[in-house]
Protein chains: 2
Amino acid sequence: MKNPQVKIVGAGLLGTSLGLALARQSVTATLEDQSKANLRLAIEYGAGVESGPEPDLVIVCVPPDLTADVVIAQLQKHPQAIVTDVASVKSKIATEVSAALPTHSHRYIGSHPMAGREKGGPSAARADLFFARPWVITASEQSSAAAIDLIRDIALRLGALPVELSALEHDQAVALVSHLPQLVASLLANRLNLGSAEQLGLAGQGLRDTSRIAASDPQLWVQIVSQNSHAIAPLLIQLKADLEHLSESIANIEKSGSLAQIHGILQGGNSGVARIPGKHGGKGNNFQVVTVVIEDAPGALASLLTFIGEIGVNLEDLNLEHSPGAPIGLVELQVLPEVAERLSEQLTTNGWRLV
Amino acid sequence: MKNPQVKIVGAGLLGTSLGLALARQSVTATLEDQSKANLRLAIEYGAGVESGPEPDLVIVCVPPDLTADVVIAQLQKHPQAIVTDVASVKSKIATEVSAALPTHSHRYIGSHPMAGREKGGPSAARADLFFARPWVITASEQSSAAAIDLIRDIALRLGALPVELSALEHDQAVALVSHLPQLVASLLANRLNLGSAEQLGLAGQGLRDTSRIAASDPQLWVQIVSQNSHAIAPLLIQLKADLEHLSESIANIEKSGSLAQIHGILQGGNSGVARIPGKHGGKGNNFQVVTVVIEDAPGALASLLTFIGEIGVNLEDLNLEHSPGAPIGLVELQVLPEVAERLSEQLTTNGWRLV
């Protein structure tokens with residue numbers, strides 16, 4: 001397929017990242033943004049240029065609330081172009097576009113590259129943002145095959161994994177795996193406002209992980225939640241029912257049956273979390289962890305990793321645990337199971353301390 | 001202080017870790033466990049020996065449900081010894097001990113080293129488990145000063161950070177920062193059981209983090225929740241009220257005021273999560289992140305870290321992001337703000353690619 005002429009509207013995190021990723025594929029996008037500063041920054045980063053030929057593809061990367069209007073405007077402005085967007089809710093936009101421009105809606109294909117960062121704006125952009133991430137394509141019955149092919153091709157070239165779903169299927173899926181976790185984390189973190197500093201001082205990794213995404217942008221999330229309220233509302237009703245049962249069981253802990261109910265929710269949590277596919281796309285990752293103690297000094301980690309490189313072992317993942325003022329740190333090395341034993345042996349033989 | 005004679009009852013994760021940590025301090029603990037296999041494993045690991053002189057200190061490391069009974073038995077068996085435990089709920093045990101043995105309860109001091117792993121058993125034990133973790137000491141009015149000093153001394157020698165709270169204060173704090181997050185994660189993960197594999201395939205890091213601790217042992221958590229139901233119940237009632245407001249606002253999204261309510265919860269989540277002290281014990285960590293692109297090959301990370309060591313920069317934390325089959329990996333280096341700029345410059349000058 002010859003390189004399409006791409007126009008990106010909105011030079012925030014996603015738009016700029018798309019421009020950078022396309023540039024690596026020798027596609028120079030034209031960029032547009034209402035903010036002159038954003039636009040200039042994105043261009044300086046190398047995400048594209050300010051003007052170019054008539055586009056084959058327009059990718060709308062503006063906040064969810066504005067997406068439908070901008071998609072409609074772009075369909076009108078570029079009567080030959082395919083138009084897509086990257087908003088995280090799809091049905092509402094599709095309905096608005098097809099109501100406004102029924103004879104043009106075959107040129108609109110919704111998409112949702114499931115990538116993001118807690119930081120926003122062009123300066124947080126990364127060319128590899130889409131790498132190995134699902135890229136949901138929500139075609140409708142009106143969508144032309146050529147348009148779908150074009151989006152799938154772009155997704156694949158950026159290293160993403162195209163997934164075709166209807167807009168409704170997509171919205172129900174993200175309500176469960178993205179919007180519900182966001183609201184749950186916010187509800188939990190909201191409770192911390194009443195805790196004392198002394199109480200919060202006892203916080204461990206469990207609370208940190210469970211509440212991390214509560215730091216997300218409320219403005220953006222109000223828009224997402226509004227647009228997907230139909231899919232989110234039933235999930236909240238189910239969650240509320242579970243919480244009511246749990247709350248009653250705990251308040252009436254002496255009554256028979258209450259422990260079984262609490263156990264049921266905890267066990268349901270076990271089976272639910274086990275259903276999430278692993279970080280590396282499989283059904284849970286199969287790496288083995290080898291934990292090494294190192295001195296907390298410049299070069300200590302390097303000398304460990306030099307050794308690992310010398311014995312030809314490739315690390316799949318690495319995590320450094322380092323306590324304040326501690327003379328040592330712990331390095332968790334994740335490796336393929338077939339090399340774990342050799343790695344442990346050679347480390348021990350060469351004087352490294354394992355835990 | 002001369003080395004105390006320590007006896008550990010229960011050779012699971014915590015008991016064995018305590019034994020290993022004490023061994024590093026030249027204290028050889030005697031170990032006891034109902035399971036011969038656990039006991040033998042813990043001894044083989046070097047966590048202690050099977051018999052020794054009359055103890056000065058008994059540390060009870062059995063499941064929460066059994067703790068009070070075992071503490072009482074140990075107080076009776078060793079009439080000169082100080083007895084403590086490591087259970088994660090303190091008031092109920094203290095009440096039971098003082099009711100059963102009113103004239104001996106000055107020798108019992110509750111403690112809660114806030115350390116743990118998702119894995120259990122002696123084979124998961126680590127000598128540094130308590131390092132830089134809070135170790136809550138819950139003395140009562142009956143507790144002798146000598147007993148409190150002994151526990152504080154042990155905690156400090158194992159690198160933990162002693163915190164003195166009443167049993168009630170402790171239980172209220174852990175209800176908020178540990179028990180509530182556990183239940184919230186379980187409630188969320190429980191909802192995933194109704195999701196399809198296709199929906200779960202779209203899961204990202206947000207869901208993974210929010211639900212991670214839902215993998216915890218239901219049996220253990222039923223015990224913890226039962227013992228701390230008084231402190232947990234009011235938190236669940238508050239959470240339920242928040243969830244009801246949120247759920248109504250989302251179901252009635254067209255009504256005026258509903259967006260403000262949703263925004264309020266999300267913003268409350270922002271401020272709540274910001275109150276959690278940073279990983280390194282401060283008020284949020286102030287490290288700066290420098291992200292470097294490396295090849296996914298043995299030795300690539302080592303050569304980066306060798307370079308960082310050579311220029312004398314100490315890493316505070318490191319995170320490796322590595323996508324399946326990707327030719328590159330991203331290394332997030334966390335460093336003190338004062339060295340971040342120099343690090344970035346020297347990396348760039350020497351041909352490293354930053355993002």
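# Close-up views of a predicted two-chain model

**View 1. Where chain A meets chain B.** In this view, 103 residues of chain A are in contact with 104 residues of chain B. Please keep in mind throughout that this is a predicted model. Several elements of chain A give two or more residues to the side that touches chain B: helices H6 (167-191), H7 (197-200), H8 (205-211), H9 (218-227), H10 (229-251), H11 (258-274) and H12 (300-310), together with strand E9 (317-322). Which of these elements gives the most? It is H6(A), with 17 residues. By residue type, the side of chain A that touches chain B divides into 59 nonpolar, 32 polar and twelve charged residues.

**View 2. How the two copies are related.** Two copies of a chain are related by a rotation about an axis and a shift along it. Here, a turn of 179° with a shift of 0.0 Å along the axis lays chain A on chain B with an RMSD of 0.4 Å. The two copies are therefore related as by a two-fold rotation axis. To find the axis from chain A, look for Thr210(A): its C-alpha is the one nearest the axis in that chain, 1.9 Å away. The same surface serves both copies, as 99% of the contact residues of chain A recur in chain B.

**View 3. Chain A on its own.** Stepping back to one chain, you can find 13 helices and eleven strands in chain A. Taken along the principal axes, the C-alpha atoms of chain A fill a box of roughly 65 × 60 × 40 Å. How much of the chain is buried? Of the 355 residues in chain A, 48% are buried. Contacts also link distant parts of the sequence: among those in chain A between residues at least 6 apart, 67% join residues at least 24 apart.

**View 4. The seven-stranded sheet of chain A.** This open sheet has seven strands in the order E2-E1-E3-E4-E5-E6-E7 (chain A), and their pairing is mixed. Follow the order to its ends and you reach the edge strands, E2 (30-32) and E7 (161-164) of chain A, each pairing on one side only. On average, neighbouring strands of the sheet are turned by 25° against each other, direction ignored. Helix H1 (residues 13-24) of chain A packs on this sheet and touches E1 (6-9), E2 and E3 (57-60) of chain A. The direction of H1(A) makes about 160° with that of E1(A). Elsewhere in the sheet, strands E4 (residues 82-85) and E5 (residues 108-113) of chain A run parallel and are joined by three bridges. One pair to look for is Val83(A), which stands opposite Tyr108(A) in E5(A).

**View 5. Strand E1 of chain A and its two partners.** In a regular strand the side chains alternate between the two faces of the sheet. You can trace this in E1(A), where Val6(A) and Ile8(A) point one way and Lys7(A) and Val9(A) point the other way. Are these four residues buried or exposed? All are buried, Lys7(A) included. E1(A) runs parallel to E3(A), and four bridges join the two strands. Across from Lys7(A) in E3(A) stands Val58(A). E1(A) also pairs with E2(A), again in the parallel sense, over three bridges. There, Val9(A) stands opposite Glu32(A).

**View 6. Helices H3 and H4 of chain A.** Helix H3 (residues 64-77) and helix H4 (residues 91-100) of chain A pack at an angle of about 35°, and their axes are 9 Å apart. Their crossing is right-handed. Which residues meet here? From H3(A) come Thr67(A), Ala68(A), Val71(A) and Ile72(A), and from H4(A) come Ile93(A), Glu96(A), Val97(A) and Ala100(A). This contact of H3(A) with H4(A) divides into six nonpolar residues, one polar and one charged.

**View 7. The sheet of chain B.** Chain B has an open sheet of seven strands with mixed pairing, in the order E2-E1-E3-E4-E5-E6-E7. Strands E2 (30-32) and E7 (161-164) of chain B stand at its edges with a single partner strand each, so one side of each has no neighbour in the sheet. Neighbouring strands here are turned by 25° against each other on average, direction ignored. Strands E4 (residues 82-85) and E5 (residues 108-113) of chain B pair in the parallel sense over three bridges. Look here for Thr84(B), whose bridge partner in E5(B) is Ile109(B).

Conventions:
Residues are numbered from 1 along each chain as its sequence is written. Chains are lettered from A and ligands numbered from 1 in the order in which they are written. This is a predicted model: local features need pLDDT of at least 70, side-chain atom pairs count only at pLDDT 80 or more; totals for chains, interfaces and linings use all residues. A residue is buried if 20 or more other C-beta atoms lie within 10 Å of its own, exposed if 12 or fewer, and partly exposed in between; C-beta atoms are placed from the backbone. Two residues are in contact if their C-beta atoms, placed from the backbone, lie within 7 Å. Axes are lines fitted to C-alpha atoms, for helices over the stretch in contact, and angles run from 0 to 180 degrees between N-to-C directions. A crossing is left-handed if the near helix is turned anticlockwise from the far one by less than a right angle, and right-handed if clockwise. Ala, Val, Leu, Ile, Met, Phe, Trp, Tyr, Cys and Pro count as nonpolar, Asp, Glu, Lys and Arg as charged, and the others, Gly among them, as polar. Copies are superposed by least squares on the C-alpha atoms of residues with pLDDT of at least 70 in both. Two strands pair if DSSP finds at least two bridges between them.
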